[in-house]
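Grab your favourite viewer and let's work through a few exercises on one helix and its surroundings. Try each task before you read the solution.

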Amino acid sequence: EMKPALSIFGMLDEELTSRSLSYRKTKAMFQPSKREKEPSSRSRLLSSICSTVCGVTVSAPFDLLKTRLQIQMDKGLMHAKYPKIRHAFQTIWKEEGLRGFYKGYRATVICTPVFHSIYFPLYEKLRLKFSSDFNADKASFKVVFFSCGISGFISNIVTNPMWLIRTRMQAEIFKAGNNPNYEFKYKTIRGSLLRVYRKEGLLSLYTGLTASMLNISHVLVYFPVYEKMKVVLKAIFEPDRDSLSSKYISIC
């Protein structure tokens with residue numbers, strides 16, 4: 001019997017947490033002057049790129065495993081290639097080696113920083129704008145909610161083609177099956193994008209966009225709670241600091 005490996009999804013939240021922590025740390029590092037209250041666009045951009053590359057590198061094996069488990073379950077295979085999470089790790093290591101855990105990594109390491117280089121700076125800019133427009137605190141629910149939603153919507157539209165290629169690279173192993181002579185078709189990012197465009201058309205590059213938009217609901221919950229928790233913890237544990245320290249941010 002194939003068991004749904006739902007616990008893997010919890011592991012992926014570590015990536016978002018690590019990005020948030022890295023983003024805060026690198027934002028301070030790239031900020032040219034500590035006298036400035038708000039970080040510059042340059043510091044936001046560089047912080048976003050650094051934090052997301054770190055997050056992607058750490059979480060790539062879990063992301064690959066999540067994709068394969070989801071597709072395997074969707075296909076309803078009688079004899080599951082990966083019946084359990086532990087078995088999945090062992091099988092990938094045995095059949096594909098360390099590189100197997102990083103299938104689609106190049107697409108991810110390009111796409112994810114692009115996504116977050118749009119998302120995080122836009123999120124913070126919109127948070128300032130909506131805070132002023134609504135005459136509300138930056139951590140208030142409606143300010144964070146609308147900032148997250150709009151940022152996620154724009155970021156998803158720009159990066160969806162790369163997410164599609166990443167998924168196909170990760171999942172092509174199922175097409176190969178037990179055929180040792182199977183020639184993998186999605187080897188490079190450029191070649192994969194051109195292949196989809198020529199054989200399936202431009203709109204095919206946006207397959208899954210609706211699901212990606214629905215997935216924005218994750219950050220619509222995550223960030224309002226995250227911002228509110230920062231305010232609460234700072235008031236309780238570090239009321240004299242300008243910003244909450246990393247050890248308490250990790251709790252958020």
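The exercises below look at helix H7 in this predicted model.

**Exercise 1.** Work out how the length of H7 fits with its number of residues.

*Solution.* Start with the count: H7 runs over residues 189–200, which makes 12 residues. Next, take the span from the first C-alpha to the last, which is 16 Å. At 1.5 Å a residue you'd expect 16 Å, so the two are close, given that the expected span is 1.5 Å times one less than the number of residues.

**Exercise 2.** Find which residues of H7 are buried, and which exposed residues sit on the face turned away from them.

*Solution.* With buried meaning under 20% relative accessible area, pick out Ile-189, Ser-192 and Val-196. Now look down the axis of H7: the buried residues fall within an arc of 70°, so they line one face of the helix. Flip to the face turned away from that side and you meet the exposed Arg-190, Arg-198 and Lys-199. As for what covers the buried residues, helix H4 (105–133) and helix H5 (141–171) are among the elements there.

**Exercise 3.** How do H5 and H7 pack, and which residues make the contact?

*Solution.* First the geometry: the angle is about 100°, and the axes are 10 Å apart. Angles of 65 to 115 degrees count as roughly perpendicular, and H5 and H7 are therefore roughly perpendicular to each other. Then list the partners: H5 brings Pro-161, Met-162, Leu-164, Ile-165, Arg-168 and Met-169, while H7 brings Ile-189, Ser-192, Leu-193, Val-196 and Glu-200.

**Exercise 4.** What happens at the start of H7 and just after H7?

*Solution.* At the start, a side-chain oxygen of Thr-188 comes to within 3.1 Å of the backbone nitrogen of Gly-191. Just after H7, Gly-201 has a positive phi of about 95°.

Definitions and conventions
Residues are numbered from 1 along each chain as its sequence is written. This is a predicted model: local features need pLDDT of at least 70, side-chain atom pairs count only at pLDDT 80 or more; totals for chains, interfaces and linings use all residues. Side-chain values use heavy atoms; hydrogens and water are left out. Helices (H or I, at least four residues) and strands (E, at least two) are DSSP runs, numbered from the N terminus. Buried means under 20% relative accessible area, exposed over 50%, partly exposed in between (1.4 Å probe, protein chains only). The arc is that of the directions from the helix axis to the C-beta atoms. Contact means heavy atoms within 4.5 Å. A polar contact is a pair of N or O atoms within 3.5 Å; within protein, one must be able to donate a hydrogen and the other to accept it, and residues adjacent in sequence count only if both atoms are side-chain atoms. Axes are lines fitted to C-alpha atoms, for helices over the stretch in contact, and angles run from 0 to 180 degrees between N-to-C directions. Angles under 35 degrees count as roughly parallel, over 145 as roughly antiparallel, 65 to 115 as roughly perpendicular and the rest as oblique.
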